[in-house]
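I opened a fresh page for this one and kept my notes short. Here is the model I was looking at, with my entries in the order I wrote them.

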Amino acid sequence: MRGMGEALAEVHAAQDRAAYEVEEALAKIESSEQALRRLQERMMPDARQTIEVALSSYRTGDVDFIQMLDDWQVLLGDQLEEVRLIADLHKALADLQQALGGIVVENSVESEPERNQPGGA
């Protein structure tokens, strides 16, 4: 039979592991949210504006097709990154839920990436 001290040491070790897992998940959530916010608020609007200008310039012959495609590729890359960041955020939320042993309410992230494409009708 184990002693009381040994049992308490195991309980404290389990508490320390749980606290570490919670802190780690919270740090990942914060990092993912910041990166997602930066992407959605700064990078994607700039890429959308660039593609709008490129489309307009292409229509008037001021920009060639390859340049327009390059600009579009930047926007598509940003959209792909947005999906990756949302997936990372959901994984961190799941890690937090597991560490806490319960349900974590998600309220700070848009879980669906924007699907709007510039130049559409």
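**Entry 1: Asp95 and its partner**

I started at Asp95, which counts as partly exposed because its relative accessibility is 25%. The model is predicted, so I kept in mind that side-chain atom pairs count only at pLDDT 80 or more. I looked for a charged partner and found Lys91: the two side chains meet in a salt bridge, at 3.1 Å from N to O. Both Asp95 and Lys91 sit in helix α2, four residues apart, or about one turn of the helix.

I jotted down the textbook reason for such spacing: an α-helix has 3.6 residues a turn, so residues three or four places apart point the same way.

**Entry 2: the network in the same helix**

Which residues are joined into one network by salt bridges that share partners? I found Glu81, Arg84 and Asp88. I then took the pairs one at a time.

- Arg84 and Glu81 meet through their side chains at 2.5 Å, N to O, in a salt bridge. They are three residues apart in helix α2, about one turn.
- Asp88 and Arg84 also form a salt bridge, with 2.5 Å from N to O. This pair lies in helix α2 too, four residues apart, about one turn of the helix.

I checked the exposure of each member. Arg84 is partly exposed, with a relative accessible area of 40%. Asp88 counts as partly exposed at 30% relative accessibility, and Glu81 counts as partly exposed at 28%. My tally of salt bridges came to three.

**Entry 3: across to the other helix**

I wanted to know what Glu81 has across the sequence. Glu81 and Ala35 are 46 residues apart in sequence, yet their C-alpha atoms are 9.7 Å apart in space.

I tried Gln79 next, which has its place in helix α2. Is Gln79 buried or exposed? I noted it as buried, because its relative accessibility is 11% and the cut-off for buried is under 20%. Gln79 and Leu39 are 40 residues apart in sequence, with 9.0 Å between their C-alpha atoms.

**Entry 4: the two helices**

I stepped back to the whole chain and counted two helices and zero strands. I put their spans side by side:

| Helix | Residues | First to last C-alpha | Expected at 1.5 Å a residue |
|---|---|---|---|
| α1 (4-59) | 56 | 79 Å | 82 Å |
| α2 (65-100) | 36 | 52 Å | 52 Å |

The reach of α1 is close to the expected value, and so is that of α2. I also looked for bends and found a kink of about 35 degrees in α1, centred on Leu39. I recognised Leu39 from the previous entry, where I had paired it with Gln79.

I then looked at what follows each helix. Just after α1, Gly61 takes a positive phi of about 85 degrees. Just after α2, Gly101 takes a positive phi of about 75 degrees.

**Entry 5: a nonpolar patch**

Which residues make the nonpolar surface patch? I listed Tyr58, Phe65, Ile66 and Leu69, and the patch covers about 380 Å². Helix α2 gives the most to this patch, with three residues.

I looked at Ile66 by itself, as one of the patch residues. Ile66 lies in helix α2, and it counts as exposed because its relative accessibility is 52%, with the cut-off for exposed at over 50%.

**Entry 6: the chain as a whole**

I closed with the totals. The accessible surface of the protein chain comes to about 8500 Å², and carbon and sulfur atoms hold 54% of that. Of the 121 residues in the chain, 26% are buried; Gln79 is one of the buried residues.

How many of the contacts between residues at least 6 apart in sequence join residues at least 24 apart? I wrote down 73%. The Gln79 and Leu39 pair, 40 residues apart in sequence, and the Glu81 and Ala35 pair, 46 residues apart, stay on my page as places to look at again in the predicted model.

Note on methods: Residues numbered from 1 in each chain as written. Predicted model: local features only at pLDDT ≥ 70, side-chain atom pairs only at ≥ 80, totals over all residues. Heavy atoms only, no water. Patch = residues over 30% accessible without salt bridge, like charges linked within 9 Å, V, L, I, M, F, W, Y side chains within 5 Å. Areas by Shrake-Rupley, 256 points an atom, 1.4 Å probe, with all protein chains shown as cover. Salt bridge = Lys/Arg side-chain N within 4 Å of Asp/Glu carboxyl O. Buried < 20%, exposed > 50% of the residue type's maximum accessible area, 1.4 Å probe, protein only. Contact = heavy atoms within 4.5 Å. Expected span 1.5 Å × (residues − 1). Bend = angle between axes of the 7 residues up to and from the residue.
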